[in-house]
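Colleague: I should like to learn how such a model is read, one feature at a time. May we begin?

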4 protein chains.
Amino acid sequence: MATKSKGRTTDRRNREPEILAAAIEVFHRKGYAAASLQDVADIVGVLKGSLYHYISSKEELLARICVESHKQSSVIMQESLDAASNPLDQLRAFLHATAVWYLTNIERVSIYFNEGKWLTGDNIDRVRAQGREFHAFIRSLIDKARTEEQVRAEVDPRVAAQLIIGALNSIPTWYRPDGLYPPEEVAGIYTDMTLASLCNPAPPAKTD
Amino acid sequence: MATKSKGRTTDRRNREPEILAAAIEVFHRKGYAAASLQDVADIVGVLKGSLYHYISSKEELLARICVESHKQSSVIMQESLDAASNPLDQLRAFLHATAVWYLTNIERVSIYFNEGKWLTGDNIDRVRAQGREFHAFIRSLIDKARTEEQVRAEVDPRVAAQLIIGALNSIPTWYRPDGLYPPEEVAGIYTDMTLASLCNPAPPAKTD
Amino acid sequence: MATKSKGRTTDRRNREPEILAAAIEVFHRKGYAAASLQDVADIVGVLKGSLYHYISSKEELLARICVESHKQSSVIMQESLDAASNPLDQLRAFLHATAVWYLTNIERVSIYFNEGKWLTGDNIDRVRAQGREFHAFIRSLIDKARTEEQVRAEVDPRVAAQLIIGALNSIPTWYRPDGLYPPEEVAGIYTDMTLASLCNPAPPAKTD
Amino acid sequence: MATKSKGRTTDRRNREPEILAAAIEVFHRKGYAAASLQDVADIVGVLKGSLYHYISSKEELLARICVESHKQSSVIMQESLDAASNPLDQLRAFLHATAVWYLTNIERVSIYFNEGKWLTGDNIDRVRAQGREFHAFIRSLIDKARTEEQVRAEVDPRVAAQLIIGALNSIPTWYRPDGLYPPEEVAGIYTDMTLASLCNPAPPAKTD
DNA sequence: AATGAATGAGTATTCATTCAT
DNA sequence: GATGAATGAATACTCATTCAT
């Protein structure tokens with residue numbers, strides 16, 4: 001009653017963020033291919049067709065999520081370079097910051113890394129370019145650190161970078177934000193293990 | 001005439017393996033959700049409806065792929081235990097063998113690790129149990145190795161196991177079997193980096 | 001500030017003619033059924049919903065175009081009767097004037113003749129009545145001319161009228177206003193051919 | 001009863017011709033753009049989606065209708081050339097045969113001439129090429145007849161051909177196959193008027 | 001075993017129209 | 001007058017699954 005007399009609270013809010021949030025949730029839970037705009041619309045509380053006031057296609061929705069994530073990723077790259085004066089510590093800063101970002105934005109970042117491949121046309125080109133940029137950034141830091149003998153000469157920067165990214169990308173498949181492992185702690189473990197793997201040799205096999 | 005009276009050799013073969021192979025290819029290329037049984041049928045050279053002589057549903061097809069992979073995985077676990085007498089070398093053997101297996105069977109193993117989550121009901125329970133078994137195996141070896149002081153005490157076996165598996169699972173997203181990096185070499189890099197990360201501390205940050 | 005106090009000239013124009021012109025362009029280019037009001041609104045530079053201040057429905061828009069065209073058509077009929085004192089020359093005048101009008105207003109006239117059939121209810125009745133009027137006008141002139149032996153007795157006025165209108169209506173499907181054939185010339189060709197077909201017998205077949 | 005015991009008459013017929021026939025009816029009645037596959041499916045007595053066993057898209061359905069019609073049209077061209085030894089009589093034969101064909105297959109031929117423009121890609125190229133072929137055929141006969149002085153020198157073959165085709169195409173908009181005007185008669189009127197228009201001058205205006 | 005036709009529920013997308021602001 | 005958001009019904013098309021033959 002009161003609500004009505006007041007004069008229609010009819011949700012004058014802009015629905016765009018709501019839609020993006022709903023899409024992130026759905027794409028993450030069901031995967032982009034299996035997710036339906038109906039699911040998104042249901043969450044927002046709007047008819048399926050009404051979504052098209054805010055988006056031009058399902059793919060554009062995915063593209064938008066990816067682009068946003070990439071922006072954040074770029075910021076982290078820059079900040080990491082500023083945070084230290086030697087490549088190994090820059091890498092340390094980058095891995096840690098990225099892991100924390102990942103752990104605190106699991107859904108959207110996971111979509112960026114795992115569902116971006118479903119994009120097509122220009123979108124997929126852009127996402128692939130971003131992926132290469134991400135990979136190249138890590139590889140180049142490893143390379144520089146190796147030149148400065150902070151990283152072992154035997155390390156293959158290309159493969160190492162892939163494995164490091166792989167471990168990072170696995171986070172959304174197993175991490176549960178239930179408080180047992182706070183993001184900072186997991187990020188620390190990840191960063192330490194990664195640096196240890198780059199700077200030390202594997203122990204020899206026991207032959208007793 | 002002659003051909004017909006002879007009792008046509010035409011496809012007297014059992015189509016089941018063909019169908020599984022086709023499904024593996026399609027599920028890997030397009031992802032389970034986006035893959036269609038039509039694609040599978042086209043590859044096998046059979047009508048869509050005919051697939052149902054061999055499978056009971058699309059999901060069962062996925063389940064079968066996962067089960068097969070898990071069998072192989074179990075064999076590797078057992079062999080690794082037999083291959084060495086101390087936990088760290090058992091882990092080394094396991095990671096190397098698993099990586100080689102992965103690298104030489106990218107499609108099916110990738111489905112096992114990445115598409116299995118789309119299963120439902122009993123199937124998903126089974127696949128999750130297998131995943132836990134896989135994880136528990138690695139974690140327990142780390143644990144034992146830590147008890148024997150082969151692995152640093154600071155290592156968190158649970159998180160470490162997840163990251164180790166994550167790096168492994170990333171392989172199909174970037175590995176190209178084009179000869180530049182033979183499986184043995186990549187598996188070696190992976191194993192060495194992983195062991196190094198478990199047995200050594202990260203270098204301290206430079207403070208100059 | 002100043003601009004606002006002044007009482008902005010912004011679009012103080014009446015948008016109705018603009019909307020009609022836009023609709024004519026769109027209906028002609030895409031066909032009534034395939035045309036969308038969004039297209040019309042885009043051209044006018046207004047939101048789709050705003051069109052409803054000027055029209056009550058998409059169909060009404062079409063109806064208005066047809067009515068306007070018919071008015072012009074009525075004028076031409078009257079003028080043709082005044083332009084000559086015998087039916088054949090009245091017909092000549094009518095065909096020529098109609099063709100010129102058609103050739104210089106291809107879009108709107110083409111809609112009148114080719115898209116009017118999609119109207120419903122009262123609208124379709126009106127358009128059909130106009131079509132019958134148009135047809136009856138031509139037929140009656142042919143009839144009179146035949147009575148006066150200006151047109152051959154063998155001519156069937158009903159079918160002849162239909163074919164004459166048909167040739168006329170085809171113009172928008174092939175005429176390009178690029179200057180190669182000026183409207184006057186095409187109208188002349190059309191008129192001459194039509195009159196020749198009414199007043200002369202077909203040549204006999206050669207039997208050599 | 002008998003029918004049932006016999007063992008399911010379940011329409012073992014091939015539905016393709018039925019679907020084509022239904023599509024012809026619907027496309028003609030509502031126009032291609034406004035026609036829906038639901039309409040077609042309803043007529044055939046099948047679910048909408050089931051149509052896709054026979055067609056690959058709505059457009060392909062239209063394309064098929066057009067291609068079929070064009071084949072018939074080609075046959076008529078060839079037969080007309082064989083039917084007479086001079087261009088005017090060849091034209092006469094062609095116009096008559098085409099008109100009869102049109103009058104006895106109004107729906108499909110009308111779609112060919114009037115809805116083909118909605119095709120896209122290769123289809124529209126093909127249909128346009130066919131249209132040019134049709135036009136070129138008529139124009140070339142007029143040209144030859146003019147060279148042989150069977151047709152007046154003043155006639156513009158290009159524009160004349162367009163008007164002749166235009167009159168033909170108008171047939172489905174007004175012809176009713178109710179027996180009042182048998183196809184042969186209408187075709188005769190059309191052919192005679194057309195030839196008369198090509199071979200004779202228009203009468204001069206009266207100046208009294 | 002295999003076919004081929006059919007189902008039915010689903011998908012993304014479009015669009016004329018309405019209406020509170 | 002104009003906006004922008006929303007509706008609701010429709011559209012072409014897809015696909016796992018079924019089943020008589």
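Colleague: How do the residues of the surface near DNA strand E divide into nonpolar, polar and charged?

Modeller: Please bear in mind that this is a predicted model. The surface near DNA strand E consists of twelve nonpolar, eleven polar and seven charged residues.

Colleague: Which residues come nearest to DNA strand E?

Modeller: There are 30 residues around DNA strand E, and those that come nearest are His53(B), Tyr54(B), Arg15(D), His53(D) and Tyr54(D). On the side of the nucleic acid, 57% of the atoms of DNA strand E that come within 4 Å of the protein belong to sugar and phosphate.

Colleague: Which protein atoms lie beside a phosphate oxygen of DNA strand E?

Modeller: Both side chains and backbone should be inspected. In the side chain of Tyr52(A), an N or O atom is 2.5 Å from a phosphate oxygen of DNA strand E. For Ser50(B), a polar side-chain atom is placed 3.0 Å from a phosphate oxygen of this strand. With Leu47(D), it is a backbone N or O atom that lies 3.1 Å from a phosphate oxygen.

Colleague: Let us turn to chain B. Where is Arg15(B) placed, and is Arg15(B) buried or exposed?

Modeller: Arg15(B) belongs to the loop between helix 1 (2-6) and helix 2 (16-30) of chain B. Buried means under 20% relative accessible area. Arg15(B) has a relative accessible area of 14%, so Arg15(B) counts as buried. Neighbours within four places in sequence aside, Arg15(B) is in contact with Val44(B), Gly45(B), Val46(B) and Tyr54(B).

Colleague: How many aromatic pairs are there over all chains, and what describes such a pair?

Modeller: A pair of aromatic rings is described by the distance of the centres and the angle of the planes. The count over all chains comes to 28 aromatic pairs. One of them is formed by Phe27(B) and Tyr32(B), edge-to-face, with 5.1 Å centre to centre and 85° between the planes. Phe27(B) and Tyr32(B) are both buried. Trp174(D) and Tyr175(D) also form an edge-to-face pair, at 6.3 Å centre to centre and 85° between the planes. Trp174(D) and Tyr175(D) are likewise buried.

Colleague: Which residues of chain A form one aromatic cluster?

Modeller: The cluster is made up of Phe94(A), Tyr102(A), Tyr112(A), Phe113(A), Phe134(A) and Phe137(A).

Colleague: Which charged end sits over the ring of Tyr32(B)?

Modeller: That of Lys58(B), placed 4.6 Å from the centre of the Tyr32(B) ring. In chain D, Lys58(D) lies over the face of Tyr32(D), 4.5 Å from the ring centre.

Terms used: Residues numbered from 1 in each chain as written. Chains lettered and ligands numbered in written order. Predicted model: local features only at pLDDT ≥ 70, side-chain atom pairs only at ≥ 80, totals over all residues. Heavy atoms only, no water. Helix = DSSP H or I, 4+ residues; strand = E, 2+ residues; numbered from the N terminus. Buried < 20%, exposed > 50% of the residue type's maximum accessible area, 1.4 Å probe, protein only. Contact = heavy atoms within 4.5 Å. Phe/Tyr/Trp six-rings, centres within 6.5 Å; stacked < 30°, edge-to-face > 60°. Lys NZ or Arg CZ within 6 Å of the ring centre and 35° of its normal. Near = heavy atom within 4 Å. Polar contact = N/O pair within 3.5 Å; in protein donor to acceptor, adjacent residues only side chain to side chain. Nonpolar A, V, L, I, M, F, W, Y, C, P; charged D, E, K, R; others polar.
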